[in-house]
Structure formats: C-alpha cells, structure tokens
Amino acid sequence: MKAIVLLSAGIDPVSGRPAPVGGEVRAIGLARALGAKTLIGLHAGASVPALADYGGYGLKEIICLSGGEHDPVAALAQFLIRASNVSAPDLVLAGTRGCGGADTGLLPYRLAEKLGWPIATGIAAPLEEQPAAGRLALAQARARGAVRPVHVTLPCVVTVSDMAECVPSFVFADKRAVQVRDERAERTPQGEMEEGLLRPYRRRPKLISAARTGGTGGQLLVDPTPEEAAAAIIAHLRSLGVLAAADEASSSKMT
Amino acid sequence: MSGVRHRRHPRAERAARVVSGRTRPRYDMAGGGADVVAPSGRRRRDPRNERARLLTTGREGRPRLVRAGLSKLAAASIATVSSVSKKIRIENPEFLIAVIPDMIDGRLDRFDRQLLGAARKLADAGGGAVVVLGARSAPPMHETLGQAGADRVVLTGADGSDPEARVDELVTLLDRLPPRHVLLSESEDGADLARRLAARTGGALAAGVEVLGARQIIRPCGAGRQERASEPASLMTLAPDRIAAWDGAEHEILPLEIENVAPTARNRVQVGALRAADPATMNLGVAPFVVAAGRGVTDFDGFRATVAALHATPGASRVVCDNGDMPRTTQVGASGTVLDAVCYVAFGIAGAPQHLQGLGRVEHVVAVNTDLHAAMVKRAGLAIIADAQHVMPVLCEMLAKERQA
Ligand SMILES: Cc1cc2nc3c(=O)[nH]c(=O)nc-3n(C[C@H](O)[C@H](O)[C@H](O)COP(=O)(O)OP(=O)(O)OC[C@H]3O[C@@H](n4cnc5c(N)ncnc54)[C@H](O)[C@@H]3O)c2cc1C
Ligand SMILES: Nc1ncnc2c1ncn2[C@@H]1O[C@H](COP(=O)(O)O)[C@@H](O)[C@H]1O
C-alpha cells in the first residue's frame, strides 16, 4: 500500500517555535500500523527545517510543493492527480487540526472533496478484522475510550485523532537521514483570504455547568459495619450512574 | 452660643405613645409608621420600621427589600410571571437561523441548548426564526425544543451511519430553506458534520467560536495563541460552554412547509455503532470510572476482584506502584496519569498533594480510609471511615449476590 502523509509546518502551542503537530506524527504511526510499504510526506509550501523532525518519526522522504502555500488544497490535489498517473497512492493521511494556522481542520475535507475521494475522520487505529481488498476497516476514536468502526473504500483520505496511541518513537539518526525535496507547484491563484481582525488570544472564562455546582455535599460514615459501608458505596455509585443497575448487570451477564 | 439646646423629654414622649383602652398601660413604640420628630425639629429615621415596610418575599421565599418603595408592585409582578406564561410566536420571520444539534438519542444535551441559545441571539437581533434540523429516527420533543428557543423543526431521514448521504440531504434541505447562518457544535460529531458541509458547499467555516454576537464572532487560531474577530459566518461551530443557553420564555413551534428530501445511500463510508471500551484494559487518562488502591490496601487479590466487580478501571498511588503491587501504568497523580473520570473510588489512599493533582477534573470522589483526617476524606463526596480489607470483600459479595438474583 502506498500512503502519503500531509504535513503542515506547525508551531508548538506553548513556545510558539516550529514543531511537529501531534496529529500528523500519529498519522505516520497509523500508516505504519496499516502496513504502508511506501510512505511519503507532503507539504504545500516552501521547505522549512522543522519538517525534518517528521523524518525522525519514520518518514524517509518529504516533498515540499513550493509556491503551494497560496492555495494548499489545489496544490496538493494537483500533485496527487499527477502522481496517480505514475503510481497512485491508496491513502492520504492528515492530522485532525493544524497547529499555528487557521486550525480549522478543513483542509483534508476540502482535499477529499476535490479528489472525489471519501474521507474517514478522527481515526485512532486499524480494526483487527480487515475486509476484502479495496476497503479499509478503521476505529474512530470517541470520548471515554469508546470506538466506532468505520469502513471506507480506497483510495481515501484519513484524518487521525489526537488521542490515538500510535505515536511512533523518535529516532534522531532517521531525522538526519530524511530527504526533504523541493518541487515547484504550478502557479495557482491565491485562495480566498480569511477576513477579520487577527490579534493575540484573550482567555475568557467558560460557563460553569450547573451539574458541577450541585454536588452531593459530603457524606461521612464513621466506623460503619462492612455491610453498611458496602451498601452505601453501591447506592452512591448507582446515584452517580457509573455503576449499572442490578437488573441491567444480571441481564448483561446472561447475554 | 446660638439659642437653646433642645433636650429630650422621655417621660413626655412615653406619655404620647400610650395606647388607650386597656387596663394595663401599653405603648406603641413603632410610632405608627410615621417618622419621629426629634425635639430639635429634625425628622429622625427609624431604620427598623423602614425595613419592615420594604420587606417582601422574593424568589424561593427568600426575604427581599424593595428600596424603591415598590413593594406592592414587586409582589404583583412575581405573581403574574408565575401564573401567566405566554409562548413567543414568530409568524413571519425576516430570515432563518438553522441549528443542527447532535441530539444523541433524540435528547437535547447541554451543548445543544447552548447552540439554540446562540441561534436565538442571532435571530432576535433582527426578527429571525430558529429552525432545528433533527433526525427522523429519534424525533425531539416539540416542548423541550420550544423551551430551548426553537421556532421550527425539520426532520431529516439519513442517520449517521452514512455521513455522505447525510451531508447530501442536509445540503439540499439548506438550499431550500435557505438560512442566513447555520450553527453546529464543535463536539466530535458536530465538528465532523460541519466540515463535511463546508467542503461540499465550498463555503467558509468559522470553527470553534467562543464569543458570538449579532455583529461579531471571535474564535481562536494559531495554536490557541491568537484569535480572529470577524462578522458571523454563514457556517459556524460553537466551542462548548461558551455561549449561554436560552432561558427566556418558551417559543411556539410552528409548522414549516418544506419538501422532504429522500436520502440516497452512497456506501463509500459506513460508520457502525459505538463500542464502549473495556474498562479493565482502557487507558487510565480517559476512563470514566476509576477505583484505586493506596498503601492502606494489603489484599491486592481482593482489590482486583472488587475492581472487576465494579466494572471499573484500576488505579493506584505511587507507593503501591513502587512496591510492585500494581503496574506503573496504573499510577494516578503528578508523576502518573491525570484522570478525566466522572467518579474516583480511593481505598486506603491518604491524598498527598502529588496524588490529588491527578484528580484535577474528577467530580465525585469516594474514600475508604481508617484515618478520619486524611486529605482524601476531605475531598470525598462519600467518605467511609473503615478498614478497606473488611469493606472490599463484602462489596464483592453484595455485587455477586445481586448478579445471581
Ligand atoms: C516528586 C514526587 C512526585 C510524586 N508523585 C506521585 C504521584 O504521581 N502519585 C502518587 O500517588 N504519589 C506521588 N508521590 C508520593 C506522594 O507524596 C505520597 O507519598 C503517596 O501518594 C502516598 O500514597 P498512599 O496514600 O497510598 O500512602 P500513605 O501516605 O501511606 O497513606 C496510606 C493511607 O491509607 C490509610 N490506611 C492504612 N491502613 C488502612 C486500612 N486497613 N484501610 C483503609 N485505609 C488504611 C491510612 O490512614 C493512610 O491515609 C510523589 C512524591 C514526590 C516527592
Ligand atoms: N500546507 C499544508 N501542506 C500539507 N498538509 C497540510 C497543510 N496544511 C494543513 N495540512 C494538513 O491538514 C491538516 C489539517 O490542517 P488545517 O486544516 O490547517 O487545520 C493538518 O494536520 C495537515 O495534515
């Protein structure tokens, strides 16, 4: 399988210095977990030194489309259509959100639309049982560790969840060995500019949820019998809804 | 020296206050509501008397002082608000605001209500109406929608299992409406749907809006170091817990004539049903229910059995991990995992600051400890002062017995 990982030149949210983006690093890990034979990094824009960091996470080759920063979607789509004449990629992986730009996470969706490919989003891992060739079974990450199976036809775009655990280890020697190649993108007209005023972020208070203020109000049992204590714990956990009710528990055991 | 100094004459004052007609002498010390005139000729305030006059019963029977002397009016207005509740009707709206709530199981959650609150803000600024696009498979209750601030409801046929079919249907519906703004929430499903819509229509998307007004929205960008202020976009997603839900009068849901769209399956992407994670092996940082052991636990087989019986994720304090009684991956605290759990049960954990740091966002704590003065007992919503070794086996037994019954 041939996979392409989309790399944005991101920054570190704390220091503001160029740094790899978590979702894109995980995308490299997911491509490897899917058993991609060739794995190429693709960046729309001029090459920057920070891109070499992705090499340390397992990319051998990174292609930069210089001049593509005006309209990344068009530049990336052109490259992929051109590449499909030679050897078509089966899979394009991207992070869920960029870090340092508009950070809308819209680029992979736009690219999928432009290529006419389906898109599977927020993926954490491949599923164990894979369907026949031409389709891919993936696990979509959801809150509280839950997953949702997603079946998607190839070729497709996949965005990788920031919660995915497939973070590849960093190898410094690989970082030094990576080839970052510049390729001229065809001139595309400037994409639409975002209107509005850009300014430093101001932290604003969040609304306080009503649920959090209405606490249970500290209940204390001093030296109860073990039976009383256990009954109190079970009742309390049931009232919080974290422990299944007795009839549910017994029915789930039977099924 | 100017003039005579007026002196009070207590006996005469008292005589003036005598209430006649009784055998025993009685005095009216309140002064009948009128202000007292001091012997100097200055009127004197009687604060106690004033207070009694201003006192009314406010909300929830709490005493309330109405300073403007409107005590009677205030009482009347409270009465009318509670007895007459008129629904707001918007018959001929200037424009429409579409809201696509997540509505898991057809219920409006907190974020969906905030979404409707934001839509009301935009609509009320110019006489617009709020249209909710709900799913036909789990239709929402009109009454709850009206209370949350919706004016119209449109039901769509496609569910979430084929996201592309759902987007096709929504795009056609929105074309027929067409609304001035479309609002979704920046939750997992809402965020995905909003981006699919934006990509399909080719329009702009204002993602994760934190401040919303009729003229301006503000959203973070640039790795959360910058923000962009602009006019409200045609498609927006709202960050959770930023914009208040609608708490005004109920709106009346009026019918809306719109041609239904038959969704056509595309089958390129198929999303299955949600599978909850196995608590025993789940990542501690995302687990909803954690049961942890500290040095007060000596019977670790019993502890593991309790965790399994409760269907919880196991945790431990550092001392326990250092001793090798539990694996290092289960350590909770500053040098372990910070939890995002709903509930945390601590057996024999003292609650050192380094450990409590790991409970950052945990709402409910249950502590079992022999020490009444342990910090964990102070943090707990339910604290049990008992030996963990005695409580754990009984807890297991009770749960096993319930399961058999
Ligand atoms: C730099 C640093 C980082 C640290 N990071 C962490 C961290 O990430 N996580 C962490 O947990 N700790 C951490 N610690 C250690 C922390 O300071 C405490 O030492 C540790 O949390 C104490 O664990 P404990 O509560 O299990 O043990 P103890 O402090 O010994 O408390 C045992 C408790 O059990 C009760 N008890 C005793 N017998 C029973 C019984 N039979 N039944 C019921 N209760 C009983 C006692 O009353 C007591 O309250 C860190 C320390 C340092 C210096
Ligand atoms: N200039 C770019 N070149 C290549 N990939 C990009 C570029 N910008 C964004 N991406 C990819 O699109 C994802 C979402 O980015 P964004 O839409 O900017 O939030 C990122 O995680 C990257 O994988």
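1. Start with a term. Two strands pair if DSSP finds at least two bridges between them. Keep that in mind for the sheet described below. Note also that this is a predicted model.

2. The sheet crosses from one chain to the other. It is an open sheet of four strands, in the order β10(A)-β14(B)-β13(B)-β12(B). The pairing is antiparallel. Which strands form the edges? They are β10 of chain A and β12 (211–212) of chain B, and each pairs on one side only.

3. Look at the join between the chains. Strand β10 of chain A covers residues 197–200, and strand β14 of chain B covers residues 226–230. Four bridges link these two strands, which run antiparallel. Here R199(A) stands opposite E227(B).

4. Now move further into chain B. Strand β13 of chain B, residues 217–221, is joined to β14(B) by five bridges. These two strands also run antiparallel. In this pair, R219(B) faces R228(B) of β14(B).

5. Turn to the whole contact between the chains. Chain A brings 83 residues to it, and chain B brings 83 residues. The size of an interface is often given as the accessible area lost when the parts come together. For chain A and chain B, the buried area is about 7000 Å². Carbon and sulfur atoms give 56% of that area.

6. Which three residues supply the most of the area that chain A buries against chain B? They are R144(A), Y201(A) and L207(A), which together supply 11% of it.

7. Charged and polar links also cross the interface. The rule finds eight salt bridges between chain A and chain B. One of them joins R142(A) to E188(B), with the closest N and O atoms 3.7 Å apart. That distance fits the rule, because a salt bridge needs the side-chain nitrogen within 4 Å of the carboxyl oxygen. Between the two chains, 37 residue pairs are in polar contact.

8. What does chain A's side of the contact consist of? Helix α7 of chain A, residues 226–240, gives the most to it, with 12 residues. By residue type, the side of chain A that touches chain B divides into 43 nonpolar, 19 polar and 21 charged.

9. Finally, a record. An unreviewed UniProt entry lists residues 27–162 of chain A as "domain: Electron transfer flavoprotein alpha/beta-subunit N-terminal". Over residues 27–162, the chain is 26% helix and 33% strand. The end C-alpha atoms of this stretch are 9 Å apart.

Methods. Residues are numbered from 1 along each chain as its sequence is written. Chains are lettered from A and ligands numbered from 1 in the order in which they are written. This is a predicted model: local features need pLDDT of at least 70, side-chain atom pairs count only at pLDDT 80 or more; totals for chains, interfaces and linings use all residues. Side-chain values use heavy atoms; hydrogens and water are left out. UniProt positions are given in the numbering used here, feature names are shortened, and annotations may be inferred rather than shown by experiment. Contact means heavy atoms within 4.5 Å. Buried area is the accessible area (1.4 Å probe) that two parts lose on being put together, summed over both. A polar contact is a pair of N or O atoms within 3.5 Å; within protein, one must be able to donate a hydrogen and the other to accept it, and residues adjacent in sequence count only if both atoms are side-chain atoms. Ala, Val, Leu, Ile, Met, Phe, Trp, Tyr, Cys and Pro count as nonpolar, Asp, Glu, Lys and Arg as charged, and the others, Gly among them, as polar.
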